[in-house]
Amino acid sequence: MLRMVVLVSGGGTNLQAIIDALAAGKITNAKIAAVISNNPNAYALKRAEQAGIEGVCVSPKSFGTRDEFNRALLAKIQSYAPDLIVLAGCMVVIPKEMVQAYPNRIINIHPALIPSFCGTGYYGLRVHEKALERGVKLTGATVHFVDEGTDTGPIILQKAVAVREDDTPETLQRRVMEEAEWQIMPQAINLIANGRVKVEDGRVKISGGEK
């Protein structure tokens, strides 16, 4: 059974989508070993508690340097012996040491269709603000493996969402979550948990027909 550690920073809506998908049998052969947040006040930790999942905080404010925090975070993750690390609204920059320790075993959800609106500076509501400024007609979300770049790892799944004329960054953000993020993150985890995802030559190949 695939053991997951989920990293969160805020409200944890993607975490809840994963918890709900596990409960509904939409994710099989997997379990959440722990939820880790860099923010002691993250509501995601409450969601973990309500679901009977161990939740812990590793805050950078508890350490003198960023390197000390990075080492402590990696040690805490390793203590759960995860097969997969899921970044579900995690605002921490993942250090290269962690990427090297878990190659093609860390996944992230990005609120746009990579390679659009990605890279340094594109996160959270800002992604949707930029999409509206640019006047795109389609946006969406992407689940991808994490490498040492920013939003540059192999793409696992994407789902498009139409942009409406009257959209605000807030309404667009909500629809992208509802119509894309909360669907493709659990779907990607299920594919990985059941051995259907392989990375070859920097690209993801999904076996077994229908996703």
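Trainee: Where does Glu97 sit in this model?
Mentor: Keep in mind that this is a predicted model. Look along the chain for the stretch covering residues 96-101, which is a helix. Glu97 has its place there, in helix α4.

Trainee: Is Glu97 buried, partly exposed or exposed?
Mentor: Its relative accessibility is 43%. Buried would need under 20% and exposed over 50%. Glu97 falls in between, so it counts as partly exposed.

Trainee: Which residues form the negative surface patch with Glu97?
Mentor: A patch residue needs over 30% relative accessible area, and Glu97 has 43%. Its partners in the negative patch are Asp67, Glu68 and Glu148.

Trainee: On to helix α2. How are its buried residues arranged around the axis?
Mentor: Start with who they are: Ala44, Leu45, Arg47 and Ala48, in a helix that runs over residues 43-50. Seen down the axis of α2, these buried residues fall within an arc of 155°. That's why they line one face of the helix.

Trainee: And which residues are exposed on the other side of α2?
Mentor: One of them has a relative accessible area of 54%, and the cut-off for exposed is over 50%. That one is Glu49. The exposed residues on that other side are Glu49 and Gln50.

Trainee: Which residue does Glu49 form a salt bridge with?
Mentor: Side chains of opposite charge can pair when their charged atoms come close. Here the closest N and O atoms are 3.9 Å apart, against a limit of 4 Å. The partner also lies in α2, three residues away, about one turn of the helix. It is partly exposed at 37% relative accessible area, and its name is Lys46.

Trainee: What about Arg174: which residue does it form a salt bridge with?
Mentor: Stay within helix α6, residues 169-193, and go four residues, about one helical turn. The closest N and O atoms of the pair are 2.8 Å apart. Arg174 is partly exposed at 40%, and its partner is partly exposed too, at 36%. That partner is Glu178.

Trainee: Asp167 and Arg175 form a salt bridge as well. Are they buried or exposed?
Mentor: Their closest N and O atoms are 2.8 Å apart. Asp167 has 11% relative accessibility, and Arg175 has a relative accessible area of 7%. The cut-off for buried is under 20%, so Asp167 counts as buried, and Arg175 is likewise buried.

Terms used:
Residues are numbered from 1 along each chain as its sequence is written. This is a predicted model: local features need pLDDT of at least 70, side-chain atom pairs count only at pLDDT 80 or more; totals for chains, interfaces and linings use all residues. Side-chain values use heavy atoms; hydrogens and water are left out. Patches are made of residues with over 30% relative accessible area and no salt bridge: like charges are joined within 9 Å, nonpolar side chains (Val, Leu, Ile, Met, Phe, Trp, Tyr) within 5 Å. Accessible areas come from the Shrake-Rupley method with a 1.4 Å probe; for residues, only the protein chains shown count as cover. A salt bridge is a side-chain nitrogen of Lys or Arg within 4 Å of a carboxyl oxygen of Asp or Glu. Lys and Arg count as positive and Asp and Glu as negative; His and the chain ends are not counted. The place of a charge is taken as NZ of Lys, CZ of Arg, CG of Asp or CD of Glu. Helices (H or I, at least four residues) and strands (E, at least two) are DSSP runs, numbered from the N terminus. Buried means under 20% relative accessible area, exposed over 50%, partly exposed in between (1.4 Å probe, protein chains only). The arc is that of the directions from the helix axis to the C-beta atoms.
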